[in-house]
Amino acid sequence: MSNTSNNVAGVDNTFRRKFDREEYLERARERERQEEEGRAKPKGKGPPVQRKPLKHRDFEVNLESRLGKTQVVTPVAPLSQQAGYFCSVCECVVKDSANYLDHINGKKHQRALGMSMRAERSSLKQVQERFESLKKRKDIGSFTEQDFDERILKQQQEEEERKRLRREKKKEKKMEAVEEPEIDPDVAALMGFGGFRSSNKK
């Protein structure tokens, strides 16, 4: 028995993994070389795109065009015919007017129009011209104290007219309430009373 136990073939049951250090060192060096090359070479995006500064809209946004209208909405309809507001520049549909305004004033829409989100810097001459145009507009539409007094007088007259009409309506209502309804005397006698007046007369 002791003979058999000494002659048993050895079995590697340690399950310990053996690493090849040279192979892994080579892999680490290769990875470091690639990282160095990546840092040294800048990403080629090309020259930056020059966009125009923001401008005023040259059209009026019509949010009430579909107000009060009914529309059949199908899932297979083209985007421009679906429910909501369609942006032809970005080719998207926005569900309500507030989000539509946010969209057309937003970065994505302005970029699609070729504009950056920065306003053009005004020169001194442009500012002076703007002040001059505002002064001219103010001079044309200015009013004097006499115009102001006339407007106040007109408002007071309108208010007095409204009060007078209210008083007349109240008087008419009182008169209608005071008037006795006419009752047929035959019907009154049949019902057992001659009228609504009290029998006590002083």
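Glu 168, in this predicted model, is partly exposed, with a relative accessible area of 36%, and its side chain meets that of Arg 164 in a salt bridge with an N to O distance of 2.5 Å. Arg 164 is likewise described as partly exposed, its relative accessible area being 34%. The two residues are four apart in helix H6, and therefore about one helical turn separates them.

Helix H6 carries another pair of this kind, in which Arg 162 forms a salt bridge with Glu 159 and the closest N and O atoms are 2.6 Å apart. Here the spacing in the helix is three residues, which again means a separation of about one helical turn. Arg 162 has a relative accessible area of 42% and is partly exposed, while Glu 159, at 31% relative accessibility, also counts as partly exposed.

The structure holds seven salt bridges, and helix H2, which spans residues 21-40, contains both Glu 23 and Arg 27, four residues apart and so separated by about one helical turn. These two side chains form a salt bridge whose closest N and O atoms lie 2.9 Å from each other. Glu 23 is partly exposed with a relative accessible area of 37%, and Arg 27 is partly exposed with a value of 48%. Beyond such pairs there is a network of salt bridges, in which Glu 26, Arg 29, Glu 30 and Arg 33 are linked.

From charged side chains we may turn to nonpolar ones. Ile 183, Val 187, Leu 190 and Met 191 make a nonpolar surface patch of about 420 Å². Of these residues, Ile 183 lies in the loop between helix H6, residues 145-178, and helix H7, residues 185-191. Its relative accessibility is 36%, and Ile 183 therefore counts as partly exposed, a value that satisfies the requirement of over 30% relative accessible area for patch residues.

The cysteines raise a question of distance: how many disulfides does the structure hold? The number is zero, and Cys 90 accordingly takes part in none, the nearest cysteine sulfur being that of Cys 87, 3.9 Å away. A disulfide would require the two sulfur atoms to be within 2.5 Å. For Cys 92 the closest cysteine sulfur is also in Cys 87, but at 4.9 Å the separation is too far for a bond. Cys 90 is buried, with a relative accessible area of 17%, and Cys 92 is buried as well, with 18%; both assignments rest on the cut-off for buried residues, which is under 20%.

The largest pocket encloses about 420 Å³ of space. It is lined by 18 residues, and those closest to its centre are Arg 57, Phe 59, Gln 110, Leu 113 and Met 115. Considered by secondary structure, the elements that give two or more residues to this lining are strand E1 (52-54), strand E2 (85-87), helix H3 (97-104) and helix H4 (107-112).

The loop between E1 and E2 is where Lys 55 is found. With a relative accessibility of 58%, Lys 55 counts as exposed, because the cut-off for that class is over 50%. Along the sequence Lys 55 is 62 residues from Met 117, yet in space the C-alpha atoms of these two residues are 9.8 Å apart.

Conventions: Residues numbered from 1 in each chain as written. Predicted model: local features only at pLDDT ≥ 70, side-chain atom pairs only at ≥ 80, totals over all residues. Heavy atoms only, no water. Patch = residues over 30% accessible without salt bridge, like charges linked within 9 Å, V, L, I, M, F, W, Y side chains within 5 Å. Areas by Shrake-Rupley, 256 points an atom, 1.4 Å probe, with all protein chains shown as cover. Salt bridge = Lys/Arg side-chain N within 4 Å of Asp/Glu carboxyl O. Buried < 20%, exposed > 50% of the residue type's maximum accessible area, 1.4 Å probe, protein only. 1 Å grid on protein atoms, 1.4 Å probe; cavity = no way out; pocket = protein on both sides within 12 Å on 5 of 7 lines; lining within 4 Å. Points joined across faces, edges and corners; volume = space filled by probe spheres on them.
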